[in-house]
Amino acid sequence: METKKTTETTPTSKMNILDLLKNILPFVLPYKWLIAATVTLTFIGSLMAQVNAVVLDKTVDAINALIQTPNFAWDKATQILITISIILLGKEVLSMVITFFQRYFGEKMRILVSRDLAVKVIDRMLSFRMAFFSSEGNETGKLQSRIDRGIMSLSSTVNNFFIEILPLFTSAILALALMFMANVYVGLVALCIVPIYFYVTYVQAKRMKGGRRSIFGSHQAVSQGILNIIESITVIKSFNREVIESKRQEAIQQQMTDQQLNIRKQSYMFNGLKSFLEQIGTVLIIILTAYLVLIDYPGMTIGKIMYHVMLFSNVSAPIRQLHRIYDDMNDALIYAEGFFGILHADHEVEDSGKHHPQSVKGDFVLQGVDFTYSNGTQALFGVDMHIEPGKITALVGLSGAGKSTVVNLLDKFYHPDTGSIKLDGVDLSDWDTQWLREHIGLVLQKNHIFSGSIEENIKYGNPEATHEEVMEAAKQAYIYDQVMQLPDGFETSALQLSGGQQQRVAIARMFLKNPPIIFLDEPTASLDAIATEQIKASIDAIKAGRTVIIISHNIGQIIDADTIYVLQQGRVVQSGKPDEVYRQGGAYKEILDASARSMNVDKIASVMEEA
Ligand code: ADP
């Protein structure tokens, strides 16, 4: 196959926090009441967080005044102590209730948002055209982890915002305002320290970003390594390569250990620096307040020293968490980009025409069809074909010749680059895609049994079918008797069936769907001779009176066809009735002769004759 160079299509725009907010908002807004309740609780909680400072301020001043009075009375002191105990304990009880609801509402929001994100992305993915799933970066594992990580990271961002970021910052702003209200100079000192913290955090986050990324890479390498060992255990053991594998894993582990130690070292260093800065802030505030008290500045009492120190600790609390919040946000931005990339991939949505007549005959005409997969592999070159209605057409060719690609195009999974495909005289792109697929049955080599009972699997062909209709379809596909012999009959899990039985379940599903057009893509490959023979009976039954395209390496199935098309490296090289094409010689004769030789037909025939 030829490979064309493709242009890079990966999005270049990087998400910023504003984009993230814009994207996530539609998922949060439906829960207005929850937001309102959480924000109200947050505000009350932030007020509560300042109570200790206020109480301490007043207590110190009151006790100070009391011990300075000449006739000190214990009953007055007891009264003060009882009052502060009631206020502080009452505040704790209230805080406990508020924290509970705040956390519960935040968690509820996370769960609801995560559900909505999942539902939306799955719906979206189901609407995408086939090309999306085969394009680079969307392989099963990668797509799944993009979705999983996206949902996890986005929903926990929502949660973090409501139960951590919002309360911490509201409390910090409130504390700062109280400091300014108590004294402008003290407020200014507190305010000046904030940007220094921000700067240190920024430097820390930047330094540690690379480290975090390489640890992430090593984690992936470790799990990939374990997976490889499990998958290739037979090869490893049969070649006695346990030591090599063990050494390889040890090297990865060692690399990860170094990275982890390095990142921890940096993290502790920066945390130490930040604690030190915080202490400098506290010391500055103590000195300034003490000085103001000493010079008898209006409103400055000894209680204000504690008051300011405690308020300052509320101001610096969120800044202590800033680094973690910054990391979480960074992760969220990375994962959000991948996740919302899926939600916004409008160009991937499968298109559909409007044409849906009463019935379809199945007369396909392909003219000059070229087709290239999104990875740049050109699979078809100027293909001309006429699939006659009510007849059996076989596509023949070596592996990779482009046979399945033809079927993919006829089922509208992909669109040709150039050339036209018409069905009953109407361009395929004008057909209503869903309606068309309702009238086409596709039986593949494997991979079409879902977890669920045999009956459920057959019913997938027509969810409205009755039990009797399902049984009838099973009989037509020659699977009924075998299933009835199982202890649980049609309730048995379909995944327990053998390959040949599963294939007949798929054919029974086709009988139930009853489409006028059927595509069979190597339905008996990977099956043994007995299963192939049993399936041949089911296939012969379903072929009657329909337009059938069959791809097969099985000579028996090819020579039964009315017409064959022989493909070679994406081009049609021969076509016509099987025996006529054989007489022409060429590719078909080569394939057929090789098949006969590989099966040792002459020997088989003589053995059978002798018997
Ligand atoms: P056949 O059915 O004759 O074995 P296919 O139609 O499956 O051949 O494949 C034709 C060519 O297209 C091969 O080179 C194959 O590698 C390539 N191809 C098939 N499917 C895809 C895909 N989803 N993405 C990229 N290339 C593909």
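Just after helix α11 in this predicted model, lysine 412 takes a positive phi of about 65°. The helix that precedes this residue is mostly covered, since seven of its eight residues are buried, and among these are Lys403, Thr405 and Val406.

Helix α11 also takes part in the surroundings of the ligand. Of the 15 residues around the ligand, Gly400, Gly402, Lys403, Ser404 and Thr405 come nearest. The largest share of this shell, three residues, comes from α11, and both β3 (377–387) and α11 (403–410) supply at least two residues each. Sorted by character, the shell holds six nonpolar residues, eight polar ones and one charged one. A polar side-chain atom of threonine 405 lies 2.5 Å from an oxygen atom of the ligand, while a polar backbone atom of alanine 401 is 3.1 Å from an oxygen atom of the ligand. A nitrogen atom of the ligand, in turn, lies 3.5 Å from a polar side-chain atom of tyrosine 373. Taken alone, the ligand exposes 560 Å², of which the protein buries 72%.

Elsewhere, charged side chains are paired. The count comes to 17 salt bridges, and the table gives three of them.

| Salt bridge | Closest N to O distance |
|---|---|
| glutamate 348 and arginine 129 | 3.2 Å |
| arginine 437 and glutamate 350 | 2.8 Å |
| lysine 543 and aspartate 540 | 3.5 Å |

The pair of glutamate 348 and arginine 129 links distant parts of the chain, 219 residues apart. Glutamate 348 counts as buried because its relative accessible area is 11%, under the 20% limit, whereas arginine 129, at 29%, counts as partly exposed. Arginine 437 lies in helix α12 and glutamate 350 in the loop between α10 and β2, so this pair ties together parts that are 87 residues apart in sequence. Lysine 543 and aspartate 540, by contrast, both lie in helix α17, three residues apart, about one turn of the helix. An α-helix has 3.6 residues a turn, so residues three or four places apart point the same way. These two residues also belong to a network of salt bridges that links Lys536, Asp540, Lys543 and Asp560.

What does arginine 546, which is buried yet has no salt bridge, have as its nearest side chain of opposite charge? That side chain is glutamate 472, 11 Å away. Arginine 546 lies in the loop between α17 (529–543) and β9 (547–551), and its side chain reaches the backbone oxygen of isoleucine 542 at 2.8 Å. A polar atom of the arginine 546 side chain also lies 2.7 Å from the backbone oxygen of proline 515.

Key:
Residues numbered from 1 in each chain as written. Predicted model: local features only at pLDDT ≥ 70, side-chain atom pairs only at ≥ 80, totals over all residues. Heavy atoms only, no water. Near = heavy atom within 4 Å. Polar contact = N/O pair within 3.5 Å; in protein donor to acceptor, adjacent residues only side chain to side chain. Areas by Shrake-Rupley, 256 points an atom, 1.4 Å probe, with all protein chains shown as cover. Helix = DSSP H or I, 4+ residues; strand = E, 2+ residues; numbered from the N terminus. Nonpolar A, V, L, I, M, F, W, Y, C, P; charged D, E, K, R; others polar. Buried < 20%, exposed > 50% of the residue type's maximum accessible area, 1.4 Å probe, protein only. Lys, Arg positive; Asp, Glu negative; His and termini not counted. Salt bridge = Lys/Arg side-chain N within 4 Å of Asp/Glu carboxyl O.
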